[in-house]
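These are my notes from going through one model, entry by entry. I wrote down what I looked up and what I found.

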Amino acid sequence: MTAPLPSACLRGAAQVLRPPRDGLPYVRHDHAGELSLDGGDVVLAGGRIAGFERDATADVQVDATGCAVLPGFVDCHTHLPFAGWRAEEYERKVTGVPYAEIAAAGGGIAASARALAETGDEAVLAQSQVLATEMLAHGTTAFEGKTGYGLSHAGEARSARLGRALAARVGRPMALTGLFAHAVPPGTTADAWMDEAEALARECDVDALDIFVESVAFKNDHLARMGMIARATGRPLRAHIEQFAPHRSVPVALDWGARSVDHLSCLHPYDIAPLAAAECAAVLLPGAELLGREATAPGRELADAGAIAVLATDLNPGTSPVVSMPLVIGLAVRRYRWTVREALLAATLNAAWVLGWSAELGSLEAGKRADVVLLDGPAEHVPYRFGHNPVAAVFAGGALAHVRPDQAWRVERR
Ligand SMILES: [Zn+2]
């Protein structure tokens, strides 16, 4: 028997982010202004959000004066678990060495595949767990990871096992996506590899399937085939598309009922309205856009058109070694010309919907999992104090999982 979780009351917050009403699976971005940021209290009990009336008897009392209380951030697009980093490649990239030259010298996805193959399970899990802890300190209480650096049948199967092992270690909600079509492994063709990807999808324990469509990777035909595989195996389809150039992959992804399309830096203007009308999330990754010097996704246009817009870090060792959702929110507000509410919605409820979890987490509603973030100031400071980590404390599943030392005075355990 484990001891029951202490109850908690976050008292007197200047702002509490609440959805327009309870029970919404997502909120389309043309309605983001309906989220409320009124002041109040939030009570947690038994690992759940218990309500919004002050409880002076709760075991843990948190002084939230001057602060915003938000649902925990949901980072629905990362590439955990991976091994090592590619910092020397980043320096070559920013000083003008073309990707083709970097790749020819053994860099790019192949370098991460090599690092993963050469690193034992324990070391891979240890590095990934450190990153998950860093994410928690930045307010991320639920996240997604992917396979994709295996680049062989056995390597991808191992990557899927490592992903589940990481989830067990982290002990917070972690979804796992099979990105079995990430790069074409050496010695094979994209067409031939799709047979392996299908076999992997059938034998591996993953929650969703994903594919990277780009001139250097897979094509729209392969996206359609992945859609077929997803349908046949009962998994949601996700896709990395329109990152470096427009390939008109959105209509294909929508035909196959994709849950999300991710990146969209080079989204074709004709595809904005159909995507915004579909029940398919537009997952934007402004960290990758900035660090990869990519085009800026049409975030403002997608929001105005009523898309289910989402933000994520794309945490990976190549194009976005970024763990911080506050930083991503700061980038999104500036680059997409979004309001704070739009960015927060994209980082919480709508991101939870991508992972199929929005009935359980992603917003502050009685009965939902008590994943709650206390900021050290108002919500407007998240994008404005760019680069500052505004997270003062984090409750994960009702447990006080992180307190920033300079904010510890706010927490009183009775
Ligand atoms: Zn990615």
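I began with the residues of α12 that are buried: Met325, Pro326, Leu327, Val328, Ile329, Gly330, Leu331, Ala332, Val333 and Tyr336. That makes ten of the twelve residues, and I put the helix down as mostly covered. The model is a predicted one, and I read every entry below with that in mind.

I then checked the length of α12, which covers residues 325-336. At 1.5 Å a residue its twelve residues should span 16 Å, and the C-alpha atoms at its ends are 15 Å apart, so the two values agree. Just after α12 I came to Arg337, which has a positive phi of about 60°.

Next I looked for other backbone oddities. Phi of Arg248 is near 55°, a positive value in a residue that is not glycine. Arg248 sits in the loop between β11 (238-241) and α8 (250-255). Is Arg248 buried or exposed? I counted 14 other C-beta atoms within 10 Å, and a residue is buried at 20 or more and exposed at 12 or fewer, so Arg248 is partly exposed.

Arg293 also has a positive phi, near 50°, and is likewise not a glycine. I found Arg293 in the loop between α10 (286-291) and α11 (299-304). Arg293 has 8 other C-beta atoms within 10 Å, so I entered it as exposed.

One cis peptide bond went into the notes: it joins Leu80 and Pro81, with omega at about 0°. Pro81 belongs to the loop that runs between β7 (73-75) and α1 (87-94).

From β7 I moved to its partner. β7 and β8 pair in the parallel sense, over three bridges. Val74 stands opposite Ala142 of β8. How many residues of strand β8 (residues 140-146) are buried? Seven of the seven are, so I noted the strand as largely enclosed by the rest of the structure. β8 also runs parallel to strand β9 (residues 174-181), and four bridges join them. Lys146 has Thr177 in β9 as its bridge partner.

I traced another sheet as well. It is open, has five strands in the order β4-β3-β1-β5-β18, and its pairing is mixed. β4 (48-51) and β18 (411-413) are the edge strands, each paired on one side only. From one strand to the next the twist averages 25°. Within this sheet I followed strand β3 (residues 40-45), which pairs with β4 in the antiparallel sense over three bridges. Val43 has Gly51 in β4 as its bridge partner.

Last, I looked up the domains. The assignment for the protein chain gives domain 1 as 8-72 + 361-413 and domain 2 as 74-354. Their centres, taken over C-alpha atoms, are 28 Å apart. In the contact I have 33 residues from domain 1 and 37 residues from domain 2.

Which elements supply at least two residues each to the side of domain 1 that touches domain 2? I listed β6 (68-71), α15 (381-384), β16 (391-396) and β17 (399-403). The largest share of that side, three residues, comes from β16. By residue type, I have 20 nonpolar, nine polar and four charged on the side of domain 1 that touches domain 2.

Terms used
Residues are numbered from 1 along each chain as its sequence is written. This is a predicted model: local features need pLDDT of at least 70, side-chain atom pairs count only at pLDDT 80 or more; totals for chains, interfaces and linings use all residues. Domain bounds come from an automatic or database domain assignment. Two residues are in contact if their C-beta atoms, placed from the backbone, lie within 7 Å. Ala, Val, Leu, Ile, Met, Phe, Trp, Tyr, Cys and Pro count as nonpolar, Asp, Glu, Lys and Arg as charged, and the others, Gly among them, as polar. The expected span of a helix is 1.5 Å times one less than its number of residues. Two strands pair if DSSP finds at least two bridges between them. Axes are lines fitted to C-alpha atoms, for helices over the stretch in contact, and angles run from 0 to 180 degrees between N-to-C directions.
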